[in-house]
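Okay, everyone, thanks for coming. I'll put the structure up and then walk through a few spots in it.

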Amino acid sequence: MSRFRAAALAFAATLLPLTAGAAEQVNVYTYRESKLVQPLFDAFTKDTGIAVNVISASSGLEQRIKAEGDKSPADVLLTVDIGRIDEAVQAGITQPIGSAVIDETVPPRYRDPNGHWAGISMRARVIYASKDRVKQDAITYEELADPKWKGKICIRSGQHIYNNALFAAYVAKHGEAKAEEWLRGLKANLAQKPSGGDRETARDVAAGKCDIGIGNTYYWALMMNNDPDKKPWAEATKVILPTFQGGGTHVNLSGVLLAKNAPNKANGVKLIEWLVGEKAQQIYADANYEYPIRPGVPLNPTIAGYGKLTADPLPIAQIAAQRKTASTLVDKVGFDN
């Protein structure tokens, strides 16, 4: 037995007594910070009487569940980005959710055609633009390769899952050859080597190192409302919802999957269905600054202030299918060099 598998089984044993001793519980593995998701789980328990046991980590949950095998206590995997969602499916650690509630509530383009995952909230990949130096209020993703932006764009690593999804969407829409040409043009317009995260991108725009940066919608809201030290970075920028030519704004997902060996499968499905209900969707909207997956749920006012989101109609599964190609192109053009 490998050292990793032994450690995983030892970890699983810490939850197994809970699984065996109480039927009304569900075990969740999540990449979301505990403080962001605990309000959801508290509300779920209050509504259903089902206790939620949470394991939170920044990486490696798919590998952990796979190593635990049929002894895994995991019922539900709560994750972000189509990259990690797809990795979980490819690892063989999931099973079809099999829920009419999910099929009726979640739009088809935001769930797996084979039923292994469903989106529970959305985030858009947008532009943080300098209020002082950028006068336009509309931009296309294609335009990011226009030489007029030479030396004016900041971005995190092209291999980061958020950018990989955007680049994969470009491949899906325009084909590999045009995506490579676009990535070369975008690289030529960078003000500096890709680095940091989306918050640092806003910081560098505010500092005048670049005029526009690429980031997720919720980071700007978090800086503006939840982090006084970073609020000046948000105040110096404005959010522009870019679109593909002839399309809409690229969106990604927070998603949920049902573990292959879920010991509390029925409760896992109950939690998944609850997460797309109106109460949970409102909590997501207000606490996490994300777009609800359920139609009709009001947006957080800060997010609504960006303007009307017209999400690109490209199915998320088609984006996932181009992730490897996008990653290869990033290396081919030396994007991160």
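**Cavities, a loop and a helix pair**

Let's start with a cavity: the second largest one is lined by Ala-169, Phe-244, Thr-249, His-250, Val-251, Asp-312, Leu-314, Ile-316 and Ile-319. Before going on, keep in mind that this is a predicted model. By class, that lining comes out as 6 nonpolar, 2 polar and 1 charged residues. As for volume, the second largest cavity is at about 40 Å³.

So how many cavities of 30 Å³ or more does a search of the whole structure find? The search gives 2.

On to the largest cavity, then, which has a volume of about 50 Å³. Around the largest cavity you'll find Asp-81, Arg-123, Ala-124, Arg-125, Tyr-162, Asn-216, His-250 and Asn-252. If you were listening for repeats, His-250 is in this lining, and His-250 is also in the lining of the second largest cavity. Which element gives the largest share of the lining of the largest cavity? That's strand β5, residues 117-130, with 3 residues. Sorted by class, the lining of the largest cavity has 2 nonpolar, 3 polar and 3 charged residues.

Next, a loop residue. Thr-243 sits in the loop between β8 (237-240) and β9 (251-259). Is Thr-243 buried, exposed or partly exposed? Its relative accessible area is 24%, and the cut-off for buried is under 20% while exposed needs over 50%, so Thr-243 counts as partly exposed. Leaving out residues up to four places away in sequence, Thr-243 touches Ile-139, Thr-140, Tyr-141, Glu-142, Gly-248 and Thr-249. Among these, Thr-249 takes us back to the second largest cavity, where Thr-249 is part of the lining. Thr-243 and Ala-311 are 68 residues apart along the sequence, yet their C-alpha atoms are 8.4 Å apart in space.

Last stop, a pair of helices. Helix α6, residues 161-174, packs with helix α15, residues 323-332, at an angle of about 105°, and the axes are 8 Å apart. Angles from 65 to 115 degrees count as roughly perpendicular, and therefore α6 and α15 fall in that class.

Who meets whom there? On the α6 side we have Asn-164, Phe-167, Ala-168 and Val-171, and on the α15 side Arg-323, Thr-325, Ala-326, Ser-327, Leu-329 and Val-330. That contact splits into 6 nonpolar, 3 polar and 1 charged residues.

That's my tour; happy to go back to any of these spots.

Notes. Residues are numbered from 1 along each chain as its sequence is written. This is a predicted model: local features need pLDDT of at least 70, side-chain atom pairs count only at pLDDT 80 or more; totals for chains, interfaces and linings use all residues. Side-chain values use heavy atoms; hydrogens and water are left out. On a 1 Å grid over the protein atoms alone, a cavity is a set of points where a 1.4 Å probe fits but cannot get out, and a pocket is an open set with protein on both sides within 12 Å along at least five of seven lines; lining residues have an atom within 4 Å of a point. Grid points are joined across faces, edges and corners, and a volume is the space filled by probe spheres set on the points. Helices (H or I, at least four residues) and strands (E, at least two) are DSSP runs, numbered from the N terminus. Ala, Val, Leu, Ile, Met, Phe, Trp, Tyr, Cys and Pro count as nonpolar, Asp, Glu, Lys and Arg as charged, and the others, Gly among them, as polar. Buried means under 20% relative accessible area, exposed over 50%, partly exposed in between (1.4 Å probe, protein chains only). Contact means heavy atoms within 4.5 Å. Axes are lines fitted to C-alpha atoms, for helices over the stretch in contact, and angles run from 0 to 180 degrees between N-to-C directions. Angles under 35 degrees count as roughly parallel, over 145 as roughly antiparallel, 65 to 115 as roughly perpendicular and the rest as oblique.
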